[in-house]
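Reader: Hey, got a minute to walk through this one with me? I'd like to start with the ligands and then move on to the fold and the backbone.

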Amino acid sequence: VTERAPDRGPAHARGVASFFADLHADPRALRVCRGTSCELAGAAALHEELARRGPCRTVYCVGYCHRSPAVLLPDGRVATGADAWSGEAGAAPEEPLPRCLARAPVVTERIGRGDFARLAAARAAGAWEALPLALERGAAWVLDTLERSGERGRGGGGFPTAAKWRRGAAQPAPRRFAVANGDEGDPGSFVDRVLLERDPHAVLEGLALAALAVGAERGIVYVRSEYPEARERVARAAAEARAAGVLDGAAFGRRFPFEVEVVSGRGSYVCGEETALLAALEGRRGEVRPRPPYPSERGLFGLPTVVNNVETLVNVPWILRRGAEAYRALGAPSEPGTKALSLGRGFARPGIVEVEFGTPLRRVIEEGGGGRDGVELEAVALGGPMGCIVPRSAWDVPLSGAALAARGLDLGHGGLVAIPRGTDRRALLRHWLRFMADESCGRCVPCRVGSRRALELAGDLEAPAARERLARLLELVATTSLCPFGQRIPGPARGLLAGPEGAR
Ligand SMILES: Cc1cc2nc3c(=O)[nH]c(=O)nc-3n(C[C@H](O)[C@H](O)[C@H](O)COP(=O)(O)O)c2cc1C
Ligand code: SF4
Ligand code: FES
């Protein structure tokens, strides 16, 4: 981020360069996705084949899980499905239209219905209508409306957005920041990529509203490097909105001091975690730090910073335009609104499905048409690496935080990967643990060392004693790790060690 960073010397520079995968990778390398959806679609064999022809490296998800396997080319294009095997991009992958099971679409309202990356088209379809209302009615109105709507963050933690913004606004500080978290690291989730590419003005308007509500003069959109198209589109949209005087309200006759910068990640899953993200923005290793203080109290450069997920921000203009009551009419009383779910290639009808909170998971799986090519599914992986494995016997669970938590499950960012009957669960477990070992930020010992040791132990689980040892180690990692990354390693692992019906 463009801000005066102190010169911390060569040791610091080496530490940063060794942390971020992109900073020590061959720029000519194909980035072969080894995320779960691609892994189940033969990514290991694909990787081996492509590596025979030239430099390749592993990445975990490039946001095309509905077309797995996927390879990100050095020029930023993506080759998916059969094209991935040639290592060359075919025709630009077409986005399937999102489907909406909710009574009204909130997040996917504009997706696929025009080129809303362009300001004129976006404005004609309702973008940038909430900001003038907010400028007229003030920050208190934004916070009250958002609070009454009951909206909660979609980045995985489910924290009420209004409460976070109130805390940010209440801090005495000379400056504040608002950050859109477009890191979307969970393999299996691609909704944030689609929103950043297809409706970037909704993200920018949400960010401008966050800035107005908390009194931030700077907005930052942090986009992972595996999404180059998303980064370019949101940067272009910001430039257009700035030139038109929309971004800072000048076009509405009520200018407020606001500027946006789009920043690229450098290849690190953990940098989706807000404190690690802020460390990366400050030019440091993307390591997690303990909270409190929360970023809304002490964030970027020690100043109050509200960090929100892309999908969360897209909800905000909708709520302010339609009203808190319209929002509360959707979803469950304890969890109003909708969630856009990402269905991977293992489903017969993959793509984005927007549902109201409280919708049974089974209904979503039916909407996905069950398994691809009529294959029966024995489970679905829900919510990425920190999520869970949901066996068929639990598919009636309503998709709401409370109902899921009561069964030890978690929605995460809403990625669904189909697990066909007969899948080699131990191979999948090793895949899972390899991801954890590769992506642990290394800040705390239980996660850094435990994830590697667990991967070694998972190499041979024939003897019951070996399974017992692994279970004990996972328990230790869960109870002693600093952040949810380590704390949640055991959830999916237990699900995978269990039989197809969930029995251990
Ligand atoms: C290991 C880890 C990875 C995370 N990755 C993401 C991510 O990619 N995108 C995201 O929005 N939140 C991610 N989060 C959650 C963020 O820390 C933060 O809670 C979120 O951005 C807040 O936004 P929200 O209140 O709108 O949900 C991650 C958390 C952890 C522990
Ligand atoms: S649990 Fe893992 S990812 Fe989280 S702080 Fe510790 S080492 Fe880093
Ligand atoms: S593109 Fe491979 S898992 Fe998402």
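Reader: Which elements each supply at least two residues of the shell around ligand 1?

Author: Those are β9 (305–309) and α19 (484–487). Keep in mind that this is a predicted model.

Reader: And where does the largest share of that shell come from?

Author: From β9, which gives three residues.

Reader: How many residues surround ligand 1, and which are the closest?

Author: There are 19 around ligand 1, and the closest are G155, K164, E274, N309 and T312. Sorted by class, that shell has five nonpolar, eight polar and six charged residues.

Reader: What about backbone contacts, say at E184?

Author: A backbone N or O atom of E184 is 3.1 Å from an oxygen atom of ligand 1. R154 also has a polar backbone atom 3.3 Å from an oxygen of the ligand. At G272, a polar backbone atom lies 3.3 Å from a nitrogen atom of ligand 1.

Reader: Is ligand 1 mostly covered or mostly open, by accessible area?

Author: Mostly covered: on its own ligand 1 has 610 Å² of accessible area, and the protein covers 92% of that. The space ligand 1 takes up is the largest pocket.

Reader: OK, over to ligand 2. Which residues come nearest?

Author: C441, R443, C444, C447 and C483, out of 13 residues around ligand 2. By class, the ligand 2 shell has eight nonpolar, four polar and one charged.

Reader: Switching to the fold. What's the strand order in the open sheet of six strands?

Author: The order is β5-β13-β12-β16-β14-β15, and the pairing is mixed. β5 (99–100) and β15 (388–391) are the edge strands, each pairing on one side only.

Reader: How many bridges join β14 to β16, and do they run parallel or antiparallel?

Author: Five bridges, and the two strands run antiparallel: β14 covers residues 377–382 and β16 covers residues 415–420. Across that pair, A379 stands opposite I419 in β16.

Reader: Last topic, backbone oddities. Which residues does a cis peptide bond join, with omega about -5 degrees?

Author: S68 and P69. P69 is in the loop between β2 (56–59) and β3 (70–72). The bond from P292 to P293 is also cis, with omega near 0 degrees, and P293 is in the loop between α11 (274–281) and β9.

Reader: What's up with phi at C61?

Author: C61 has a positive phi of about 90 degrees although it isn't a glycine. Most residues other than glycine have a negative phi. C61 is in the loop between β2 and β3, where P69 is placed as well.

Key: Residues numbered from 1 in each chain as written. Chains lettered and ligands numbered in written order. Predicted model: local features only at pLDDT ≥ 70, side-chain atom pairs only at ≥ 80, totals over all residues. Heavy atoms only, no water. Pairing = 2+ DSSP bridges. Helix = DSSP H or I, 4+ residues; strand = E, 2+ residues; numbered from the N terminus. Near = heavy atom within 4 Å. Polar contact = N/O pair within 3.5 Å; in protein donor to acceptor, adjacent residues only side chain to side chain. Areas by Shrake-Rupley, 256 points an atom, 1.4 Å probe, with all protein chains shown as cover. 1 Å grid on protein atoms, 1.4 Å probe; cavity = no way out; pocket = protein on both sides within 12 Å on 5 of 7 lines; lining within 4 Å. Sits in = over half its atoms within 2 Å of the grid points. Nonpolar A, V, L, I, M, F, W, Y, C, P; charged D, E, K, R; others polar.
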